[in-house]
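User: I'm new to this one and would like a walk through it in questions and answers. Could we take a look together?

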Amino acid sequence: MSETIAVPNPLGFDRVSKSDGVKRIADLIVASALILFTLPLMAIVAVAIRCESRGPIFYRQERVGLRGARFMVMKFRSMVENAEAGGRPIWAAQRDARVTGVGNIIRRFRIDELPQLFNVLKGEMSMIGPRPERPYFVEQLSGLIPGFDHRHEVKPGITGWAQVNYPYGASVEDARNKLAYDLYYIKTRSLSLELRILLATVRVVIFQEGAR
């Protein structure tokens, strides 16, 4: 049985609304289409990772999702094997020495995130929502940033309002600033906002904004 991190729910998203059902259908359609479209690319990336360095092709990492439920997120491995050999989670840094040659390319174009489409199919994530954080950082940031747990009132996403408006975060102050964008998204969710995020995500990927 998976662990959960209990979170308060003052923003009122404790019920499944009609819009949530529509969003789930949209998630299934978009994720399925993207998997089919990018399958050849994912196959090439898998071979490149296998040829460049030893270790698994995919990287599984525990994250915190809707209402504190924990799940394993999937990504293409972009770092050397045992990148956190010390056992303590570490934020990625600019020019991180742990990133492999292939990893540098797939991170730049966000290709390492493609396996998360399968998390969307499983219902653990949505195409759009706050990025899921690791339990270690959730517990740390919840004690330092008031309201940080509110971001767990919706499903986490592959992309989100914070991701297209703020660069990669690697500090408590970054997390505080990104939270403002996440809370704005949660309070004002709409079809028009989601379309804006999708279009902005294309811009971020093409111009490699915030990659690390």
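**Around Trp-161**

Analyst: Let's start with one side chain. Setting aside residues up to four places away in sequence, Trp-161 touches Tyr-181, Tyr-184, Tyr-185, Leu-193, Arg-196 and Ile-197. Keep in mind that this is a predicted model.

User: Is Trp-161 buried, partly exposed or exposed?

Analyst: The relative accessible area of Trp-161 is 11%. Buried means under 20%. So Trp-161 comes out as buried.

User: How far apart are the C-alpha atoms of Trp-161 and Leu-193?

Analyst: Trp-161 is found in helix H5, and Leu-193 is among the residues it touches. Along the chain the two are 32 residues apart. Their C-alpha atoms are separated by 8.6 Å.

User: Let me step back. What pattern does the protein follow along the sequence?

Analyst: There are seven helices and four strands to place. Read along the sequence, they give α-β-β-α-α-β-α-β-α-α-α.

User: And what share of the contacts with a separation of 6 or more comes from residues 24 or more positions apart?

Analyst: Trp-161 and Leu-193 are one such pair, as they touch and sit 32 residues apart along the chain. Over the protein, among contacts with a separation of 6 or more, residues 24 or more positions apart account for 73%.

User: What percentage of the residues is buried?

Analyst: The protein has 212 residues, and it exposes about 11,400 Å², with carbon and sulfur atoms supplying 62% of that area. Of the residues, the buried ones make up 44%.

User: Back to rings. How are Tyr-136 and Phe-137 arranged as an aromatic pair?

Analyst: The count comes to four aromatic pairs. In the pair of Tyr-136 and Phe-137, the centres are 5.3 Å apart and the planes are at 80°. Planes over 60 degrees apart count as edge-to-face, so that is the label here: edge-to-face.

User: Which of those two is buried, and which is partly exposed?

Analyst: Buried needs a relative accessible area under 20%. Tyr-136 has 31%, so it is partly exposed. Phe-137 has 4%, so the buried one is Phe-137.

User: What about the rings of Tyr-166 and Tyr-181: how is that pair classed?

Analyst: Their centres are 6.5 Å apart, with the planes at 50°. Planes under 30 degrees apart would be stacked and over 60 edge-to-face. An angle of 50° is neither, so the pair is tilted.

User: Which parts does that pair tie together?

Analyst: The two residues are 15 apart in sequence. Tyr-181, partly exposed at 29%, lies in helix H6. Tyr-166 lies in the loop between helix H5 and helix H6, so the pair ties that loop to helix H6.

User: Now some charged residues. Which residues does Asp-182 contact beyond its neighbours within four places?

Analyst: Asp-182 is found in helix H6 and is buried, with a relative accessible area of 4%. Leaving those neighbours aside, its contacts are Pro-130, Arg-151 and Ala-162.

User: Which residues does Asp-112 contact on the same terms?

Analyst: Asp-112 sits in the loop between helix H2 and helix H3. Its relative accessible area is 3%, so it counts as buried. Its contacts are Lys-75, Phe-76, Ile-106 and Arg-107.

User: How far is Glu-153 from Gly-68 in space?

Analyst: Glu-153 lies in the loop between helix H4 and strand E4, and it is buried at 3% relative accessibility. It is 85 residues from Gly-68 in sequence. C-alpha to C-alpha, the two are apart by 8.5 Å.

User: Let's try the empty spaces. Which element gives the largest share of the lining of the second largest pocket?

Analyst: That pocket holds about 400 Å³ of space and is lined by 16 residues, with Lys-23, Ala-26, Ser-190, Leu-191 and Glu-194 nearest its centre. Helix H1, strand E3 and helix H7 each supply at least two lining residues. The largest share, seven residues, comes from H1.

User: Last one: how many charged residues line the largest cavity?

Analyst: The largest cavity holds about 40 Å³ of space. Its lining includes Glu-133, along with Arg-131 and Arg-151. By class the lining has six nonpolar and two polar residues, and the number of charged ones is three.

Definitions and conventions
Residues numbered from 1 in each chain as written. Predicted model: local features only at pLDDT ≥ 70, side-chain atom pairs only at ≥ 80, totals over all residues. Heavy atoms only, no water. Phe/Tyr/Trp six-rings, centres within 6.5 Å; stacked < 30°, edge-to-face > 60°. Buried < 20%, exposed > 50% of the residue type's maximum accessible area, 1.4 Å probe, protein only. Contact = heavy atoms within 4.5 Å. Areas by Shrake-Rupley, 256 points an atom, 1.4 Å probe, with all protein chains shown as cover. 1 Å grid on protein atoms, 1.4 Å probe; cavity = no way out; pocket = protein on both sides within 12 Å on 5 of 7 lines; lining within 4 Å. Points joined across faces, edges and corners; volume = space filled by probe spheres on them. Nonpolar A, V, L, I, M, F, W, Y, C, P; charged D, E, K, R; others polar.
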